[in-house]
Amino acid sequence: MKIKLIGSVIVMHLALHLWSQNEIEWVPPLDIPFSLSGTFGEPRSTHFHLGIDIKTQGKEGWEVKSVAPGHISRLRVSLGGYGKTVYIDHPDQTSSVYAHLKKFAPKIEAYIKSIQYKKETYTLQQFPKKEEINIAAGEVIGYSGNTGNSSGPHLHFEIRDKKSQKPLNPLLFNLPVTDNQRPQIQKLFLFYPQNNTILTHSEPVSLQKVNDSTYHTPIINSCGKMGLGLQMFDRQNLSYNKNGIYIAEVVVNGKKIMEFKFDQLDYSDSNKLFISVDYPKYKENKNKIQKLFFQNHKPLTFMKTMNAGGLFNVELGKSYQVRVSIEDYSGNSSHVIMYIEGTKKEIPNKKLRGKLIEPRLDYILTMSDKEVYFPKRTFFENAIIQIEEAKNTISIGPNLFPFNNPYEIQFKANEADTLKLRQTFIAKKTEKKLSFLPTTLEKGHWKTKVKDMGDFTLARDSVAPKISPSNFKPKQWLSKFKFIKVKISDDFSGIKSYRGTINGEWVLFEYEPKRKLLTYDLSDKVFDLVKHELQLEVVDNVGNKAVYKTTFFRKYNQN
């Protein structure tokens with residue numbers, strides 16, 4: 001099915017560019033009904049979502065097509081992030097992104113494999129020249145998958161402004177998404193920002209459903225400066241996923257004081273997710289309460305109207321009508337109407353004990369054999385930190401303040417044994433396990449950088465990774481096999497690198513960390529032998545190495 005954008009220009013608000021469409025025929029990237037598991041701008045675990053996620057019916061291998069003509073500007077293969085990804089530049093000054101692919105289309109696969117073999121690496125990033133790989137509208141560029149940081153088979157799809165590379169809402173480009181369901185308001189919160197406390201006090205407000213689209217609240221007696229927050233979600237047809245909304249606004253006594261509209265994002269917005277949600281509540285129970293106001297910072301890209309940062313002041317003896325509305329891209333909406341009476345009220349003022357950390361200053365906190373370094377702008381705002389130490393552990397908290405940048409933890413290295421030094425690292429300690437943190441040994445100190453609070457301790461990994469064949473046995477004839485598959489795992493610090501050779505020549509083993517599986521395509525190379533010597537070396541994050549050697553047989557000239 002082809003979809004033609006009407007008109008020669010798409011007008012987008014909020015400083016969006018005017019893109020000349022040149023009568024481009026736009027094609028959906030998948031030939032299956034669109035069921036979304038993620039929408040543009042929705043808050044994820046660490047960032048705002050920069051595209052849409054299209055479900056692939058729990059399967060991999062669907063043909064993924066270019067939505068418009070253009071040329072491939074970037075190809076990336078990574079173990080995390082977007083996994084296997086194609087970036088295409090189009091003549092209308094947009095770029096499209098297709099992520100988590102299982103495999104590239106044949107001509108792209110051949111191009112990328114030639115570079116992988118030349119550089120002897122599976123992971124890479126390549127920027128083809130403008131006319132090197134031209135793509136037609138509707139041309140298959142890959143097959144849907146689950147590579148990278150993906151929790152299930154789907155296609156992550158983005159549209160970007162080609163010049164600035166700012167992500168744009170793909171739904172602006174007439175994708176075939178059907179939606180006649182209203183977004184849902186789950187909970188409403190009142191926030192009371194105060195100048196004499198670091199933490200902002202919040203209170204839930206009871207909601208009374210009036211009809212399918214409207215809620216009322218009891219009359220609220222309060223006063224002073226306040227803002228609002230929502231727990232909310234939206235669903236599209238064919239999907240049960242709780243996705244993000246498109247528009248939110250707050251109107252006080254007929255005047256709009258705040259509007260969010262997810263037409264466009266900036267990469268810097270994504271890093272500021274935690275200053276736009278109730279961070280303490282998120283760390284406590286993983287619930288994301290979206291603040292409908294913004295304090296002490298420049299508004300983010302999607303914040304259109306921000307009168308006084310979205311805060312309003314309730315004066316004693318006065319009455320206020322407040323209307324909160326949310327809307328999805330198809331125009332379905334829900335509303336909360338509440339009345340506030342200006343009545344004197346004591347707002348709890350939670351005070352914390354500990355060390356004040358101001359973003360404008362550096363702080364080095366030294367203990368007997370440990371050190372914590374907070375560089376400038378570690379936190380977005382003032383934070384209160386408490387640090388306790390035991391023999392081999394340091395506890396840093398409370399986890400109430402969102403991070404802007406990582407800070408550094410150091411442990412003094414008293415160990416003299418060089419092997420034990422290499423195998424030691426800093427780990428985050430939870431009730432169930434220790435988690436490896438990338439650690440360096442510098443001038444007699446183990447060092448790591450983190451963007452979280454918690455308990456940190458020294459740990460040691462002395463066990464090498466495990467390697468075992470998955471679909472074959474040693475000395476087996478593999479004449480009818482298309483792939484060699486090998487399981488690799490590490491019980492603690494994790495896999496850092498691997499290298500495979502056949503008859504002494506490097507071969508491309510593709511690594512799927514979620515399945516702990518290495519896969520070699522036997523059609524990659526033709527060996528003029530029947531007997532083949534396979535060797536795999538796998539190294540974990542502290543340098544423990546395992547080597548697996550075996551022999552297999554294969555009829556000559558199988559390819």
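Q: Why is Gln57 called partly exposed?
A: In this predicted model, Gln57 has a relative accessibility of 48%, and since partly exposed covers the values between under 20%, which is buried, and over 50%, which is exposed, Gln57 counts as partly exposed.

Q: What makes the phi of Gln57 worth a remark, and where does the residue lie?
A: Gln57 has a positive phi of about 60 degrees although it is not a glycine, and it is placed in the loop between strand 6 (52–55) and strand 7 (63–65). Most residues other than glycine have a negative phi.

Q: Why is Ala308 called exposed?
A: The relative accessible area of Ala308 is 54%, and the term exposed applies over 50%, therefore Ala308 is classed as exposed. Ala308 also has a positive phi, near 55 degrees, in a residue other than glycine, and its place is in the loop between strand 25 (303–306) and strand 26 (312–314).

Q: How do you know that Lys65 and Asp31 form a salt bridge?
A: The closest N and O atoms of Lys65 and Asp31 are 2.4 Å apart, and a side-chain nitrogen of Lys within 4 Å of a carboxyl oxygen of Asp satisfies the definition, so the pair is called a salt bridge. The pair links distant parts of the chain, with Lys65 in strand 7 and Asp31 in the loop between strand 4 (25–26) and strand 5 (36–38), 34 residues apart.

Q: Which of the terms buried and partly exposed applies to Lys65, and which to Asp31?
A: Lys65 has a relative accessible area of 15%, and buried means under 20%, so Lys65 is buried; Asp31, at 47% relative accessibility, counts as partly exposed.

Q: What makes Lys345 and Glu203 a salt bridge?
A: Their closest N and O atoms are 2.8 Å apart, and because the cut-off is within 4 Å, Lys345 and Glu203 form a salt bridge. This pair, too, links distant parts of the chain: Lys345 is in the loop between strand 28 (333–342) and strand 29 (355–357), and Glu203 is in strand 17 (residues 201–205), 142 residues apart.

Q: Why is Tyr556 called partly exposed, and in which surface patch does it take part?
A: Tyr556 has a relative accessible area of 48%, and because exposed means over 50% and buried under 20%, Tyr556 is partly exposed. Together with Trp477, Val526 and Val530, Tyr556 forms a nonpolar patch on the surface, with about 410 Å² of accessible area together.

Notes:
Residues are numbered from 1 along each chain as its sequence is written. This is a predicted model: local features need pLDDT of at least 70, side-chain atom pairs count only at pLDDT 80 or more; totals for chains, interfaces and linings use all residues. Side-chain values use heavy atoms; hydrogens and water are left out. Patches are made of residues with over 30% relative accessible area and no salt bridge: like charges are joined within 9 Å, nonpolar side chains (Val, Leu, Ile, Met, Phe, Trp, Tyr) within 5 Å. Accessible areas come from the Shrake-Rupley method with a 1.4 Å probe; for residues, only the protein chains shown count as cover. Buried means under 20% relative accessible area, exposed over 50%, partly exposed in between (1.4 Å probe, protein chains only). Helices (H or I, at least four residues) and strands (E, at least two) are DSSP runs, numbered from the N terminus.
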